[in-house]
Amino acid sequence: MRNRVLMVASLAALATGCAHDGARWYKGNTHAHTVLCGHADSTPEEVATWYLDRGYNFLILSEHNKFIDPASVRLREHRRDDFILIPGAEITGKKTIHTTGMNLDELVDWSFDSERKSEIIQHHTDGAIAAGGVAILNHPNFRWAVTADDMLPVQRLHLFELFNGHPLVNNEGDEEHISTEELWDVLLTEGMAIYGVSSDDVHSLKRWGRDVSNPGRGWVMVRAETLTPDAITSAMQRGRFYATSGVILETVKVTVPRRGYSQGYYEVAVDEAATARELTSDLILGRRVKHAVEGFRIQWIGPRGEVVSDMHATRSIREIDPGVAYLRCRVTYARKVDGGYEEFYAWTQPIFTDGRLDTFGASMQVADTHTRAGGRTHAVGP
Ligand SMILES: [Zn+2]
Ligand SMILES: [Zn+2]
């Protein structure tokens with residue numbers, strides 16, 4: 001028992017921060033395209049300015065196999081100083097495997113091919129790490145390219161796109177394919193230490209509509225001490241963030257258990273005012289459902305995607321059971337629309353009690369400096 005409690009303690013420390021940790025929340029989008037790829041409609045400056053003007057704190061101009069040096073993007077003078085560009089690229093590889101390299105020093109090779117998709121994902125992941133960054137496996141359900149079997153053998157991959165705002169990526173699955181959230185629970189149940197990211201994958205600022213990949217649909221809220229590429233990347237790689245399609249949280253807190261004194265707890269609370277502000281946006285896209293109860297709902301989820309607690313509430317504290325391998329939380333906000341309801345979500349990251357993160361620290365390789373690199377692009381699509 002002692003080992004187990006200590007294990008929970010050491011791992012819980014990796015989860016999203018507490019209220020008094022000297023950190024704050026930073027809003028960011030890890031996935032955006034520009035005219036440089038040939039199928040998006042705005043310049044790097046226009047794309048970055050869109051996010052700058054709407055309160056975001058960071059953005060990755062993740063071009064297809066092209067490295068956009070943040071120093072080359074000229075933003076207006078006298079802008080607010082809490083907005084940064086994190087260098088990166090979308091490693092757009094064979095067999096429709098796309099991986100955001102986050103916080104890269106240089107472009108990563110995308111040409112590697114193999115009959116095994118897991119080897120391609122591994123190549124992207126290792127390439128991103130070798131270039132000083134980390135990997136985010138993108139939109140697994142785009143063209144149904146990536147399955148759990150393709151991801152499970154991959155080492156050192158700790159981030160994937162649970163939600164992507166592009167209209168062609170099939171987040172929700174279909175009759176024959178599981179949703180990306182179901183995929184996440186398969187990966188977590190099988191022992192993978194992987195966190196869920198939400199992104200825009202924006203391509204268009206000049207044409208707008210549900211069928212266009214516009215900005216403002218999916219983002220992450222990252223808990224970090226400072227706003228630097230290294231601090232944000234390190235925080236995400238350690239799971240100190242949540243993914244959202246519109247719901248904003250006030251608290252995501254893990255209380256470390258103390259032996260003989262207290263249990264461990266995972267607490268989540270909604271920021272209702274901030275959520276209401278986000279949901280006034282015309283850009284935001286809810287998931288359409290036939291039936292729902294209006295308002296907030298908090299669900300605690302464990303292995304095999306089992307919902308272990310389900311309530312209509314804006315705050316919930318859940319005891320961490322050291323005998324259950326992981327615990328995560330989904331917060332839903334539902335509102336009425338023509339013909340039914342639309343739902344928005346916040347997904348907090350799982351905390352693990354089974355020791356799967358014991359070697360996790362070794363995969364952290366966040367670089368201090370960044371240099372330029374060039375590249376060509378061929379890919380079309382998200
Ligand atoms: Zn993309
Ligand atoms: Zn893509």
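This text walks through the fold of one protein chain, from its overall make-up to single residues.

The model is a predicted one. Its protein chain holds 7 helices and 19 strands. Of the 382 residues in that chain, 47% count as buried. Contacts often link distant parts of the sequence. Among contacts with a separation of 6 or more, 71% join residues 24 or more positions apart.

Begin with the nonpolar core. The largest one has 89 residues, and V222 and V331 have the most contacts inside it. Strand β17, residues 326–337, gives the largest share of this core, 6 residues. Domain 1 covers 1–22 + 246–361 and domain 2 covers 24–239; both give residues to the core, so it lies between them.

Look next at V222 itself. Leaving aside residues up to four places away in sequence, V222 touches W25, Y26, G28, I232, A235, M236, R240 and F241. Its sequence neighbour R223 has its place in strand β9, residues 219–224. R223 has 22 C-beta neighbours inside 10 Å; a residue is buried at 20 or more, so R223 counts as buried. R223 also shows how the chain returns to an earlier stretch. R223 and R24 are 199 residues apart in sequence, but their C-alpha atoms are 5.5 Å apart in space.

Now turn to helix α2, residues 44–52. P44, V47, A48, W50, Y51 and L52 are buried in this helix. What do the buried residues of α2 pack against? They pack against three strands: β1 (24–29), β2 (58–59) and β3 (84–85).

Two loops further along hold residues with a special backbone angle. N103 is found in the loop between β5 (98–102) and α3 (117–130). Phi of N103 is near 65°, a positive value in a residue other than glycine. R143 is found in another loop, between β6 (134–137) and α4 (148–151). R143 also takes a positive phi without being glycine, here near 55°. Are these two residues buried or exposed, or partly exposed? N103 has 25 C-beta neighbours inside 10 Å, so N103 counts as buried. R143 has 13 other C-beta atoms within 10 Å and is therefore partly exposed.

The next stop is strand β7, residues 159–164. In this strand, 6 of the 6 residues are buried, so β7 is largely enclosed by the rest of the structure. Strand β8, residues 195–199, pairs with β7 in the parallel sense over 5 bridges. One bridge can be followed by eye: L159 has Y195 in β8 as its partner. Between the two strands comes helix α5, residues 180–189; together β7, α5 and β8 make a right-handed β-α-β unit.

Further along the chain is an open sheet. Its 3 strands run in the order β11-β12-β16, and the pairing is antiparallel. β11 (249–255) and β16 (315–319) stand at the edges, each with a single partner strand, so one side of each is left without a neighbour in the sheet. Neighbouring strands here are turned by 5° against each other on average, direction ignored. Strand β12, residues 265–270, pairs with β16 in the antiparallel sense over 5 bridges. Across that pairing, E267 stands opposite I317 in β16. In a regular strand, side chains alternate between the two faces of the sheet.

The last stop is strand β18, residues 340–348, and its pairings. Strand β10, residues 241–244, pairs with β18 in the antiparallel sense over 3 bridges. There T244 stands opposite A346 in β18. Strand β13, residues 287–289, also pairs with β18 in the antiparallel sense over 3 bridges. In that pairing R288 stands opposite E342.

How many bridges join β17 and β18? There are 8, and the sense is antiparallel. One of the matched pairs is R330 with W347 in β18. β17 and β18 form a hairpin with 2 residues between the strands, where G339 takes a positive phi near 80°. This brings the tour back to the core, since β17 is the strand that gives the largest share of its residues.

Conventions. Residues are numbered from 1 along each chain as its sequence is written. Chains are lettered from A and ligands numbered from 1 in the order in which they are written. This is a predicted model: local features need pLDDT of at least 70, side-chain atom pairs count only at pLDDT 80 or more; totals for chains, interfaces and linings use all residues. A residue is buried if 20 or more other C-beta atoms lie within 10 Å of its own, exposed if 12 or fewer, and partly exposed in between; C-beta atoms are placed from the backbone. Helices (H or I, at least four residues) and strands (E, at least two) are DSSP runs, numbered from the N terminus. Two residues are in contact if their C-beta atoms, placed from the backbone, lie within 7 Å. Two strands pair if DSSP finds at least two bridges between them. A crossover is right-handed if, with the strands pointing away from the viewer, the path from the first strand over the helix to the second runs clockwise. Axes are lines fitted to C-alpha atoms, for helices over the stretch in contact, and angles run from 0 to 180 degrees between N-to-C directions. A nonpolar core is a set of buried Ala, Val, Leu, Ile, Met, Phe, Trp, Tyr and Cys residues joined through C-beta atoms within 7 Å. Domain bounds come from an automatic or database domain assignment.
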